[in-house]
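Biologist: Could you take me through one part of this protein in detail, after first setting the scene with the overall fold? I am new to reading structures, so please go step by step.

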Amino acid sequence: MSDIKTIGVLTSGGDAPGMNAAIRAVVRTGIYYGMKVMGIRKGYNGLIHGDITEMTARSVSDIIHRGGTILQTARSPEFLTAEGQKKAADMAKVFGIDAIVVIGGDGSYRGARDLTKQGIGVVGLPGTIDNDIACTEYTIGYDTALNTVQDAIDKIRDTAYSHERCSVLEVMGRHAGYIALNVGIAGGAEAVVLPEMEFDLNKNIIKPIIEGRNRGKKHYVVIVAEGVGGAIEIAKEIEERTGVEARATILGHIQRGGSPTVYDRVMASLMGAKAVELLKDGLVNRIVALKDNKLTDFEINEALEMKKSIDQGIIELGKILSL
Ligand code: ADP
Ligand code: F6P
(Lines give C-alpha, C1' and ligand atoms only; values in the text may rest on other atoms or scores of the structure.)
(Ligands and ions follow the chains in the order given, each with its own letter.)
Protein backbone atom coordinates (compact mmCIF):
# COMPACT_ATOMS: atom_id res chain seq x y z
CA MET A 1 0.00 0.00 0.00
CA SER A 2 1.15 3.49 -0.77
CA ASP A 3 1.57 6.45 1.57
CA ILE A 4 -0.30 8.63 -0.89
CA LYS A 5 -3.56 9.57 0.80
CA THR A 6 -4.33 12.99 -0.69
CA ILE A 7 -3.95 13.76 -4.36
CA GLY A 8 -4.40 16.96 -6.34
CA VAL A 9 -5.52 17.31 -9.93
CA LEU A 10 -4.90 20.27 -12.24
CA THR A 11 -5.14 21.15 -15.92
CA SER A 12 -2.38 23.27 -17.47
CA GLY A 13 -1.43 24.82 -20.82
CA GLY A 14 -3.94 24.85 -23.70
CA ASP A 15 -7.30 23.29 -22.89
CA ALA A 16 -8.51 20.24 -24.82
CA PRO A 17 -11.85 18.42 -25.12
CA GLY A 18 -11.81 15.38 -22.85
CA MET A 19 -9.93 17.07 -20.01
CA ASN A 20 -13.19 17.00 -18.02
CA ALA A 21 -13.57 13.27 -18.59
CA ALA A 22 -10.01 12.84 -17.28
CA ILE A 23 -10.72 15.01 -14.18
CA ARG A 24 -13.87 12.99 -13.54
CA ALA A 25 -11.96 9.72 -13.76
CA VAL A 26 -9.21 10.96 -11.43
CA VAL A 27 -11.71 12.21 -8.84
CA ARG A 28 -13.95 9.15 -8.83
CA THR A 29 -11.16 6.56 -9.05
CA GLY A 30 -9.33 8.39 -6.26
CA ILE A 31 -12.41 8.38 -4.05
CA TYR A 32 -13.02 4.71 -4.91
CA TYR A 33 -9.54 3.87 -3.60
CA GLY A 34 -10.14 5.85 -0.40
CA MET A 35 -8.06 8.91 -1.31
CA LYS A 36 -8.92 12.54 -0.71
CA VAL A 37 -8.93 14.42 -4.03
CA MET A 38 -8.19 18.15 -4.21
CA GLY A 39 -9.09 20.17 -7.30
CA ILE A 40 -6.46 22.80 -8.14
CA ARG A 41 -7.89 25.58 -10.29
CA LYS A 42 -6.10 27.47 -13.11
CA GLY A 43 -3.04 25.25 -13.43
CA TYR A 44 0.17 26.13 -11.62
CA ASN A 45 -1.17 29.63 -10.86
CA GLY A 46 -3.86 28.09 -8.69
CA LEU A 47 -1.32 25.88 -6.96
CA ILE A 48 0.92 28.85 -6.15
CA HIS A 49 -2.00 30.90 -4.81
CA GLY A 50 -3.88 28.10 -3.01
CA ASP A 51 -6.93 28.08 -5.31
CA ILE A 52 -7.64 24.55 -4.14
CA THR A 53 -10.78 22.76 -2.89
CA GLU A 54 -11.70 19.21 -2.05
CA MET A 55 -13.68 17.44 -4.74
CA THR A 56 -16.44 14.93 -4.19
CA ALA A 57 -17.97 12.42 -6.59
CA ARG A 58 -20.70 15.01 -7.20
CA SER A 59 -18.17 17.78 -8.09
CA VAL A 60 -17.67 15.99 -11.40
CA SER A 61 -21.30 15.16 -12.19
CA ASP A 62 -22.54 16.11 -15.64
CA ILE A 63 -19.16 17.09 -17.10
CA ILE A 64 -18.12 14.09 -19.20
CA HIS A 65 -19.71 15.57 -22.32
CA ARG A 66 -18.40 19.11 -21.84
CA GLY A 67 -15.39 20.61 -23.62
CA GLY A 68 -12.94 22.91 -21.84
CA THR A 69 -11.93 22.14 -18.27
CA ILE A 70 -14.04 22.76 -15.17
CA LEU A 71 -10.81 23.38 -13.25
CA GLN A 72 -9.84 25.98 -15.85
CA THR A 73 -6.27 26.28 -17.07
CA ALA A 74 -3.46 28.81 -17.28
CA ARG A 75 -0.01 29.53 -18.47
CA SER A 76 1.93 30.54 -15.38
CA PRO A 77 5.04 32.71 -15.88
CA GLU A 78 5.51 32.78 -12.08
CA PHE A 79 5.85 29.02 -11.99
CA LEU A 80 8.78 29.22 -14.42
CA THR A 81 10.86 30.78 -11.61
CA ALA A 82 12.51 28.76 -8.84
CA GLU A 83 10.68 30.93 -6.32
CA GLY A 84 7.31 30.20 -7.95
CA GLN A 85 7.99 26.49 -7.94
CA LYS A 86 8.91 26.55 -4.26
CA LYS A 87 5.74 28.50 -3.45
CA ALA A 88 3.72 25.94 -5.39
CA ALA A 89 5.30 22.97 -3.61
CA ASP A 90 4.87 24.67 -0.22
CA MET A 91 1.20 25.32 -0.98
CA ALA A 92 0.70 21.65 -1.92
CA LYS A 93 2.10 20.77 1.52
CA VAL A 94 -0.22 23.30 3.21
CA PHE A 95 -3.17 21.41 1.71
CA GLY A 96 -1.65 18.03 2.61
CA ILE A 97 -1.30 17.04 -1.05
CA ASP A 98 1.10 14.11 -1.48
CA ALA A 99 0.97 13.89 -5.26
CA ILE A 100 -0.57 15.77 -8.19
CA VAL A 101 -2.08 14.53 -11.45
CA VAL A 102 -1.06 17.10 -14.07
CA ILE A 103 -3.17 17.09 -17.23
CA GLY A 104 -1.39 19.04 -19.96
CA GLY A 105 1.39 19.03 -22.51
CA ASP A 106 5.19 18.92 -22.51
CA GLY A 107 5.52 22.34 -20.86
CA SER A 108 3.28 21.25 -18.02
CA TYR A 109 5.37 18.08 -17.60
CA ARG A 110 8.54 20.17 -17.32
CA GLY A 111 6.79 22.05 -14.55
CA ALA A 112 5.72 18.78 -12.96
CA ARG A 113 9.30 17.55 -13.01
CA ASP A 114 10.33 20.67 -11.11
CA LEU A 115 7.68 19.88 -8.47
CA THR A 116 9.14 16.39 -8.00
CA LYS A 117 12.44 18.04 -7.02
CA GLN A 118 10.55 19.79 -4.18
CA GLY A 119 9.17 16.50 -2.84
CA ILE A 120 5.76 16.47 -4.54
CA GLY A 121 4.99 13.32 -6.52
CA VAL A 122 3.41 13.74 -9.94
CA VAL A 123 1.70 11.74 -12.63
CA GLY A 124 1.20 13.37 -16.04
CA LEU A 125 -1.73 12.80 -18.38
CA PRO A 126 -1.32 13.91 -22.01
CA GLY A 127 -3.81 16.70 -22.68
CA THR A 128 -3.46 18.74 -25.87
CA ILE A 129 -5.20 18.84 -29.22
CA ASP A 130 -1.82 18.91 -31.00
CA ASN A 131 -0.85 15.25 -30.32
CA ASP A 132 2.73 16.45 -30.06
CA ILE A 133 3.84 14.64 -26.89
CA ALA A 134 6.71 12.34 -27.79
CA CYS A 135 6.06 9.43 -25.43
CA THR A 136 2.48 8.82 -26.54
CA GLU A 137 0.66 8.04 -29.77
CA TYR A 138 -2.45 9.85 -28.55
CA THR A 139 -3.25 12.94 -26.50
CA ILE A 140 -6.61 13.80 -24.91
CA GLY A 141 -8.52 16.17 -27.22
CA TYR A 142 -6.76 15.28 -30.44
CA ASP A 143 -9.59 13.13 -31.78
CA THR A 144 -12.25 15.78 -31.13
CA ALA A 145 -10.10 18.47 -32.77
CA LEU A 146 -9.58 16.25 -35.84
CA ASN A 147 -13.33 15.77 -36.14
CA THR A 148 -14.01 19.50 -35.72
CA VAL A 149 -11.55 20.30 -38.51
CA GLN A 150 -12.95 17.51 -40.67
CA ASP A 151 -16.45 18.92 -40.34
CA ALA A 152 -15.12 22.33 -41.42
CA ILE A 153 -13.33 20.85 -44.45
CA ASP A 154 -16.48 19.07 -45.59
CA LYS A 155 -18.43 22.33 -45.43
CA ILE A 156 -15.70 24.33 -47.13
CA ARG A 157 -15.43 21.67 -49.85
CA ASP A 158 -19.15 22.14 -50.69
CA THR A 159 -18.69 25.82 -51.45
CA ALA A 160 -15.28 25.30 -53.14
CA TYR A 161 -17.01 22.84 -55.49
CA SER A 162 -19.90 25.21 -56.27
CA HIS A 163 -17.58 28.09 -57.18
CA GLU A 164 -14.69 26.04 -58.59
CA ARG A 165 -12.35 27.62 -56.07
CA CYS A 166 -9.34 26.70 -54.02
CA SER A 167 -9.95 26.74 -50.27
CA VAL A 168 -6.97 27.33 -48.03
CA LEU A 169 -7.63 26.20 -44.48
CA GLU A 170 -5.28 27.10 -41.62
CA VAL A 171 -5.48 24.64 -38.72
CA MET A 172 -3.87 24.66 -35.25
CA GLY A 173 -0.40 23.35 -34.61
CA ARG A 174 2.20 25.99 -33.86
CA HIS A 175 5.00 23.46 -33.65
CA ALA A 176 3.33 20.25 -34.79
CA GLY A 177 1.60 19.19 -37.99
CA TYR A 178 -0.31 16.11 -36.80
CA ILE A 179 -3.72 17.77 -37.12
CA ALA A 180 -2.90 19.17 -40.59
CA LEU A 181 -1.44 15.92 -41.87
CA ASN A 182 -4.29 13.69 -40.74
CA VAL A 183 -7.14 15.95 -41.78
CA GLY A 184 -5.30 16.30 -45.08
CA ILE A 185 -5.77 12.56 -45.58
CA ALA A 186 -9.30 12.45 -44.16
CA GLY A 187 -10.41 15.53 -46.11
CA GLY A 188 -8.75 14.64 -49.41
CA ALA A 189 -6.58 17.77 -49.55
CA GLU A 190 -4.54 18.53 -52.68
CA ALA A 191 -1.72 19.98 -50.58
CA VAL A 192 -0.69 20.02 -46.91
CA VAL A 193 2.07 22.11 -45.36
CA LEU A 194 3.48 21.41 -41.91
CA PRO A 195 5.96 23.11 -39.57
CA GLU A 196 8.09 19.95 -39.71
CA MET A 197 8.84 20.30 -43.42
CA GLU A 198 10.64 22.92 -45.47
CA PHE A 199 8.05 25.16 -47.07
CA ASP A 200 8.30 25.96 -50.77
CA LEU A 201 5.13 27.60 -52.13
CA ASN A 202 5.74 26.54 -55.73
CA LYS A 203 6.68 22.96 -54.96
CA ASN A 204 4.23 22.28 -52.12
CA ILE A 205 1.14 24.16 -53.29
CA ILE A 206 1.24 25.77 -56.77
CA LYS A 207 2.55 22.68 -58.59
CA PRO A 208 0.02 20.21 -57.09
CA ILE A 209 -2.83 22.61 -57.99
CA ILE A 210 -1.67 23.04 -61.60
CA GLU A 211 -1.03 19.31 -61.99
CA GLY A 212 -4.46 18.60 -60.51
CA ARG A 213 -6.06 21.03 -62.95
CA ASN A 214 -4.26 19.28 -65.84
CA ARG A 215 -5.84 16.03 -64.64
CA GLY A 216 -9.30 17.63 -64.70
CA LYS A 217 -9.72 18.94 -61.14
CA LYS A 218 -11.86 22.03 -60.72
CA HIS A 219 -11.71 22.73 -56.99
CA TYR A 220 -9.00 22.25 -54.41
CA VAL A 221 -8.39 22.07 -50.66
CA VAL A 222 -5.07 23.21 -49.21
CA ILE A 223 -4.30 22.67 -45.49
CA VAL A 224 -1.80 24.96 -43.80
CA ALA A 225 -0.64 24.27 -40.23
CA GLU A 226 -0.57 27.32 -37.94
CA GLY A 227 3.20 26.96 -37.54
CA VAL A 228 3.64 27.68 -41.26
CA GLY A 229 0.83 30.25 -41.20
CA GLY A 230 0.02 32.88 -43.80
CA ALA A 231 -3.19 31.29 -45.17
CA ILE A 232 -4.46 34.65 -46.46
CA GLU A 233 -1.22 35.43 -48.31
CA ILE A 234 -1.04 31.86 -49.62
CA ALA A 235 -4.58 32.17 -51.04
CA LYS A 236 -3.58 35.44 -52.80
CA GLU A 237 -0.49 33.81 -54.28
CA ILE A 238 -2.54 30.85 -55.50
CA GLU A 239 -4.92 33.21 -57.37
CA GLU A 240 -2.07 35.19 -58.89
CA ARG A 241 0.06 32.25 -59.93
CA THR A 242 -2.62 29.77 -61.07
CA GLY A 243 -5.63 31.93 -61.94
CA VAL A 244 -7.76 29.73 -59.66
CA GLU A 245 -9.94 31.85 -57.37
CA ALA A 246 -8.93 31.19 -53.76
CA ARG A 247 -10.38 31.85 -50.31
CA ALA A 248 -8.69 31.48 -46.93
CA THR A 249 -10.25 30.28 -43.66
CA ILE A 250 -8.40 30.38 -40.35
CA LEU A 251 -10.19 27.95 -38.04
CA GLY A 252 -8.65 29.16 -34.79
CA HIS A 253 -9.90 28.30 -31.33
CA ILE A 254 -13.05 26.53 -32.52
CA GLN A 255 -10.66 23.56 -32.68
CA ARG A 256 -10.06 23.65 -28.94
CA GLY A 257 -13.69 23.49 -27.83
CA GLY A 258 -16.74 21.32 -28.22
CA SER A 259 -18.12 18.12 -26.79
CA PRO A 260 -15.45 15.40 -26.81
CA THR A 261 -15.79 12.42 -29.14
CA VAL A 262 -16.45 8.94 -27.75
CA TYR A 263 -12.78 8.08 -28.29
CA ASP A 264 -11.57 11.10 -26.32
CA ARG A 265 -14.05 10.41 -23.49
CA VAL A 266 -13.07 6.75 -23.22
CA MET A 267 -9.32 7.33 -23.48
CA ALA A 268 -9.43 10.24 -21.02
CA SER A 269 -11.37 8.04 -18.59
CA LEU A 270 -8.92 5.13 -18.94
CA MET A 271 -5.90 7.43 -18.59
CA GLY A 272 -7.37 9.24 -15.57
CA ALA A 273 -8.04 5.93 -13.84
CA LYS A 274 -4.55 4.67 -14.71
CA ALA A 275 -2.96 7.78 -13.15
CA VAL A 276 -4.72 7.06 -9.85
CA GLU A 277 -3.86 3.36 -10.00
CA LEU A 278 -0.17 4.27 -10.29
CA LEU A 279 -0.48 6.52 -7.23
CA LYS A 280 -2.38 3.84 -5.33
CA ASP A 281 0.58 1.54 -5.96
CA GLY A 282 2.98 4.24 -4.74
CA LEU A 283 4.36 4.96 -8.21
CA VAL A 284 5.12 8.65 -8.85
CA ASN A 285 6.92 10.76 -11.43
CA ARG A 286 5.34 8.86 -14.32
CA ILE A 287 3.60 9.94 -17.53
CA VAL A 288 0.60 7.91 -18.74
CA ALA A 289 0.85 7.15 -22.46
CA LEU A 290 -0.56 5.12 -25.33
CA LYS A 291 2.15 3.00 -26.96
CA ASP A 292 1.51 0.36 -29.62
CA ASN A 293 -2.15 1.05 -28.92
CA LYS A 294 -1.84 -0.03 -25.27
CA LEU A 295 -1.94 2.08 -22.12
CA THR A 296 1.42 2.30 -20.43
CA ASP A 297 3.53 4.76 -18.44
CA PHE A 298 7.03 6.19 -18.54
CA GLU A 299 9.34 7.77 -16.01
CA ILE A 300 8.98 11.55 -16.45
CA ASN A 301 12.61 12.30 -17.42
CA GLU A 302 12.64 9.45 -19.88
CA ALA A 303 9.35 10.70 -21.38
CA LEU A 304 10.67 14.25 -21.75
CA GLU A 305 13.77 13.06 -23.59
CA MET A 306 11.81 11.19 -26.26
CA LYS A 307 11.41 12.63 -29.76
CA LYS A 308 8.45 12.33 -32.07
CA SER A 309 8.60 12.70 -35.82
CA ILE A 310 6.07 13.01 -38.61
CA ASP A 311 5.51 9.85 -40.63
CA GLN A 312 6.91 10.63 -44.11
CA GLY A 313 4.85 7.73 -45.48
CA ILE A 314 1.61 9.56 -44.64
CA ILE A 315 2.86 12.72 -46.37
CA GLU A 316 3.60 10.67 -49.51
CA LEU A 317 0.28 8.81 -49.27
CA GLY A 318 -1.57 12.14 -49.16
CA LYS A 319 0.04 13.07 -52.49
CA ILE A 320 -0.94 9.75 -54.10
CA LEU A 321 -4.52 9.91 -52.82
CA SER A 322 -5.02 13.41 -54.20
CA LEU A 323 -4.05 12.42 -57.76
P1 ADP B 1 1.63 22.71 -22.49
O2 ADP B 1 1.60 22.01 -21.19
O3 ADP B 1 0.35 22.57 -23.24
O4 ADP B 1 2.87 22.38 -23.31
P5 ADP B 1 2.81 25.32 -21.85
O6 ADP B 1 4.08 25.05 -22.59
O7 ADP B 1 2.17 26.65 -22.04
O8 ADP B 1 1.66 24.28 -22.19
O9 ADP B 1 3.12 25.06 -20.31
C10 ADP B 1 2.13 25.25 -19.33
C11 ADP B 1 2.76 25.80 -18.07
O12 ADP B 1 3.72 24.86 -17.56
C13 ADP B 1 3.56 27.08 -18.26
O14 ADP B 1 2.77 28.24 -18.20
C15 ADP B 1 4.51 27.05 -17.08
O16 ADP B 1 3.89 27.49 -15.89
C17 ADP B 1 4.80 25.55 -16.97
N18 ADP B 1 6.06 25.27 -17.68
C19 ADP B 1 6.24 25.23 -19.01
N20 ADP B 1 7.53 24.98 -19.31
C21 ADP B 1 8.18 24.87 -18.13
C22 ADP B 1 9.54 24.64 -17.76
N23 ADP B 1 10.50 24.45 -18.68
N24 ADP B 1 9.82 24.59 -16.43
C25 ADP B 1 8.86 24.76 -15.51
N26 ADP B 1 7.57 25.00 -15.80
C27 ADP B 1 7.22 25.05 -17.09
O1 F6P C 1 -3.58 23.66 -27.82
C2 F6P C 1 -2.57 23.66 -28.74
C3 F6P C 1 -2.45 24.98 -29.43
O4 F6P C 1 -3.64 25.21 -30.06
C5 F6P C 1 -1.33 25.15 -30.40
O6 F6P C 1 -1.54 24.57 -31.65
C7 F6P C 1 -1.17 26.62 -30.46
O8 F6P C 1 0.12 26.95 -30.76
C9 F6P C 1 -1.51 27.07 -29.08
O10 F6P C 1 -2.29 26.02 -28.50
C11 F6P C 1 -2.27 28.35 -28.99
O12 F6P C 1 -2.78 28.51 -27.72
P13 F6P C 1 -3.28 29.89 -27.08
O14 F6P C 1 -4.04 30.60 -28.13
O15 F6P C 1 -4.10 29.47 -25.92
O16 F6P C 1 -2.03 30.62 -26.70
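Modeller: This is a predicted model, and a first check on its overall form is the radius of gyration: a compact globule of 323 residues would have a value near 20 Å, and the protein has 22 Å, which agrees. Along its principal axes the C-alpha trace spans about 70 × 35 × 35 Å, and the chain is built with 11 helices and 11 strands. Among the contacts that join residues at least 6 apart in sequence, 73% link residues at least 24 apart.

Turning from the fold to its surface, the protein exposes about 14300 Å², of which carbon and sulfur atoms supply 51%, while 53% of the 323 residues count as buried. The side chains include 38 positive and 41 negative ones, and the centres of these two sets lie 3 Å apart.

For the close look, I have chosen His-219, which is found in the loop that runs between helix α7 (201-214) and strand β8 (220-225). Is His-219 buried or exposed? Its relative accessible area is 18%, and because buried means under 20%, His-219 counts as buried. As for what surrounds this residue, if we leave out residues up to four places away in sequence, His-219 touches Arg-157, Ala-160, Tyr-161, Glu-164, Arg-165 and Glu-190. Taken together, His-219 is a loop residue that is buried and has among its contacts Tyr-161 and Glu-190.

Key:
Residues are numbered from 1 along each chain as its sequence is written. Chains are lettered from A and ligands numbered from 1 in the order in which they are written. This is a predicted model: local features need pLDDT of at least 70, side-chain atom pairs count only at pLDDT 80 or more; totals for chains, interfaces and linings use all residues. Side-chain values use heavy atoms; hydrogens and water are left out. Helices (H or I, at least four residues) and strands (E, at least two) are DSSP runs, numbered from the N terminus. The radius of gyration is taken over C-alpha atoms; the globule rule is 2.2 Å times the number of residues to the power 0.38. Buried means under 20% relative accessible area, exposed over 50%, partly exposed in between (1.4 Å probe, protein chains only). Contact means heavy atoms within 4.5 Å. Accessible areas come from the Shrake-Rupley method with a 1.4 Å probe; for residues, only the protein chains shown count as cover. Lys and Arg count as positive and Asp and Glu as negative; His and the chain ends are not counted. The place of a charge is taken as NZ of Lys, CZ of Arg, CG of Asp or CD of Glu.
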